Amino acid sequence: MTKRSVQNISTIPDEGIDKGAQRLTPDQVSRVIRRHLEEEGGARLKVYTETCVHCGLCSDACHFYLSHDHDPKFSPAGKVKQTLDKIIRKKGRVSIDFIKKTAEIAFTECNLCRRCVMYCPFGIDVAYLMLFLRRICHKLGVVPQYIQDTAHSHAATMNQMWVKDDEWIDTLHWQEDEARDEIPDLRIPLEKQGADIFYSVIGPEPKFRAQMIYQAAVIMNAAGMDWTMPATPGWDNSDMCMYTGDEEMVARLKKVHFETAMRLKTKRIVMGECGHAYRSVHDVGNRHLGWKMSPLPVMHAIEFYYELFKDRKLKVNQKYDAPVTLHDPCNVVRGGGLHEMARYVINETCSRFVEMHPNREHNYCCGAGGGVINCGPPYTNKRVVSNRVKADQLADAKARGAKTIIAPCHNCFGGLEDIVKHYGLGMEIKFLGDVIYECMDKE
Amino acid sequence: MVGVAFTVFLAGSFFRLISMWRLAKKKDGLIFSYISIFFALRSIVHWILPFAGVSMRKHPAMTIVAFLFHVCLFAVPIFLSAHVILFKESWDISWWRLPDMAAEIMSWSVIGSCLFFLGRRIFLPEVRYLTSLSDYLILAAVAVPFISGLWSYHQWAAFQVVMIVHIISGEIMLMIIPFTRLSHMLFFPFTRGYMGSEFGAVRHAKDW
Ligand code: SF4
Ligand code: SF4
């Protein structure tokens, strides 16, 4: 069904990596790495790198390995061998070219999907090791240009897409206006104190997918929810800094996000359909701020929709008719266990459901996650070629009747779009919210 | 000499675990906050039962050999009657013994398993890529005590010399456990337990 990759992928030119590397001296490289190993290399790093028995069992977990005709360079432990093992063995005395290659591997050949954790008998977390490398690259200033730009945007504006404060408010007003054509009394409540729900979205929603805010407002309205969105920075729940290794920024971002919820005195945060943002708010960012779990309840859209259907707050007029399949996003399934809830919502809204195989915790990553899609156009081809197994998996679901792929995550949505296009699969992709919006009783 | 080997093994293991514990306290404090005994055990149980996880089902031969290997690797040295008698003689302690026939079959199983692992290292590209000299040496360190043990048991050529090889290689194997990749034996419950806790308690997901 799908084309085989024959391309030999060598180092791809990237302004961020190349210019960053030009500024380095070998001495700086070894100094920065040595300090990093000393300061941040703890028991996990030591145990993971010293007890890996080189059995290769993690290979089958990784879609990069599977898609590149079982090329061992792309296996999880193979990636560690090429990069971190050498860095540790040489105590950081590696060449600048080596750092460039390391950056490419750590940033674009691992989606931090953690599937390999489920295949390694010891639970060695290669995603953690790749993040450790990304942080070294961050400290050296050798980061792919596109994702670094989003990190800069985070630092300057507290959102991922350089959205200015007034543009944000304008977008909400605009979507409210549009939606009022359909539902005359609809509101997008801004700055409502003490509302039950703070609805937060990722930067790309107001920038590229504003209709998702519209749809969310329609759903909130029909379900009669008491909700609000802030008029200040802190509205964006996304976090590319988590993927560039800029942990200080992760803490700043999540602090603003949580503080916005506190300021508005909302009881919980409900997030749009984004996987990495969920990882950041519910699993990672809280840790950087010293909270074991997030300081107030955080719900991904899947959980929220599940609650709405379970409590009979939403009614379906007519179920979505084309057969659907579900892509389980790593960050909400392996990272949040929301797979059964997603199936419940699909069952409520769609008449025919076809499972992908493998599924649930074992689903293959979309290839876009972990910031890989955010590394931008230089890597698009490599990204889709490196996920041929996903195309095969989708083609199989299609052969069993699936016409629409439901992808409840922004990154997955984008990643799957590229895969569907590249491999000519001719399937439609939808968010869960798209399907609900289409089928629901809007009154 | 045997005493030295046991001391190095026990003290070495203790030292490795304690120093790793202290390093974790210093640098990875979060491990202690997130560890959950229930979820740690849930994961460990799924990984010490053959075929309980997807990864093991995908590699049936490896799973059978790996389990057989580990069981025999532990059982033979501890329950071999010749060893039990030696313990009795030197330290006056004693326990259940394996019938000689069983011990022999199990020793052959260990050797066979080592050959299987060697075959994987040589013939499977994804394993060969990861393999370096030290991996072969470790494999040899495990195989030699069993080969020489069987050799002496059957009193094949020059068995007195081989007996010495057996004793020394057995002691070496014991002593290097804490300081090589064989330390996966010590750390397995911790790495698996930690991941099981993260997956179970925070991410509400399985990790097998
Ligand atoms: S985290 Fe995912 S992408 Fe990265 S090495 Fe493991 S399986 Fe491959
Ligand atoms: S499965 Fe685990 S122990 Fe085996 S090579 Fe992969 S990371 Fe190492």
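Reader: Where in chain A is the place of A:Lys91?
Author: This is a predicted model. A:Lys91 is not a glycine, yet its phi is positive, at about 50 degrees. Its place is in the loop between helix 5 (76-89) and helix 6 (96-108) of chain A.

Reader: Which two residues of chain A does a cis peptide bond join?
Author: The bond has an omega of about -5 degrees. Its proline lies in the loop between strand 6 (353-354) and helix 18 (380-385) of chain A. The two residues are A:His357 and A:Pro358.

Reader: How is the shell around ligand 1 divided by class?
Author: Cysteines in this shell include A:Cys62, A:Cys110, A:Cys113 and A:Cys116. A:Pro76 and A:Leu112 are also around the ligand, as are A:His63, A:Asn111, A:Lys79 and A:Arg114. Cys, Pro and Leu count as nonpolar, Lys and Arg as charged. By class, the shell has six nonpolar, two polar and two charged residues.

Reader: Into which domains is chain A divided?
Author: The division starts with domain 1 at 15-143. Domain 2 follows at 163-299. The full set is domain 1 (15-143), domain 2 (163-299) and domain 3 (317-439).

Reader: How much area do domain 1 and domain 3 of chain A bury between them?
Author: Their C-alpha centres lie 28 Å apart. The contact takes 20 residues from domain 1 and 21 residues from domain 3. Carbon and sulfur atoms hold 55% of the buried area. The total is about 1,700 Å².

Reader: Which three residues of domain 1 of chain A supply more of the area buried against domain 3 than any other three?
Author: The three supply 30% of the area that domain 1 buries there. One of them, A:Asn111, is also among the residues around ligand 1. The full trio is A:Ser67, A:Asn111 and A:Arg115.

Reader: Why are helix 3 of chain A and helix 1 of chain B called oblique to each other?
Author: Helix 3 (residues 43-51) and helix 1 (residues 2-27) pack with their axes 8 Å apart. Their angle is about 140 degrees. Roughly antiparallel needs over 145, and roughly perpendicular runs from 65 to 115. The pair is therefore oblique.

Reader: Which residues of helix 1 of chain B make the contact with helix 3 of chain A?
Author: Helix 3 brings A:Ala43, A:Lys46, A:Val47 and A:Glu50. The residues of the contact divide into five nonpolar, no polar and three charged. Helix 1 of chain B brings B:Arg16, B:Met20, B:Leu23 and B:Ala24.

Reader: How many helices and strands are there in chain B?
Author: From the N terminus on, the elements run α-α-α-α-α-α-α-α-α-α-α. The C-alpha atoms fill a box of roughly 60 × 40 × 35 Å. The count is eleven helices and zero strands.

Technical notes: Residues are numbered from 1 along each chain as its sequence is written. Chains are lettered from A and ligands numbered from 1 in the order in which they are written. This is a predicted model: local features need pLDDT of at least 70, side-chain atom pairs count only at pLDDT 80 or more; totals for chains, interfaces and linings use all residues. Side-chain values use heavy atoms; hydrogens and water are left out. A residue is near a molecule or strand if one of its heavy atoms lies within 4 Å of it. Axes are lines fitted to C-alpha atoms, for helices over the stretch in contact, and angles run from 0 to 180 degrees between N-to-C directions. Helices (H or I, at least four residues) and strands (E, at least two) are DSSP runs, numbered from the N terminus. Angles under 35 degrees count as roughly parallel, over 145 as roughly antiparallel, 65 to 115 as roughly perpendicular and the rest as oblique. Contact means heavy atoms within 4.5 Å. Domain bounds come from an automatic or database domain assignment. Buried area is the accessible area (1.4 Å probe) that two parts lose on being put together, summed over both.
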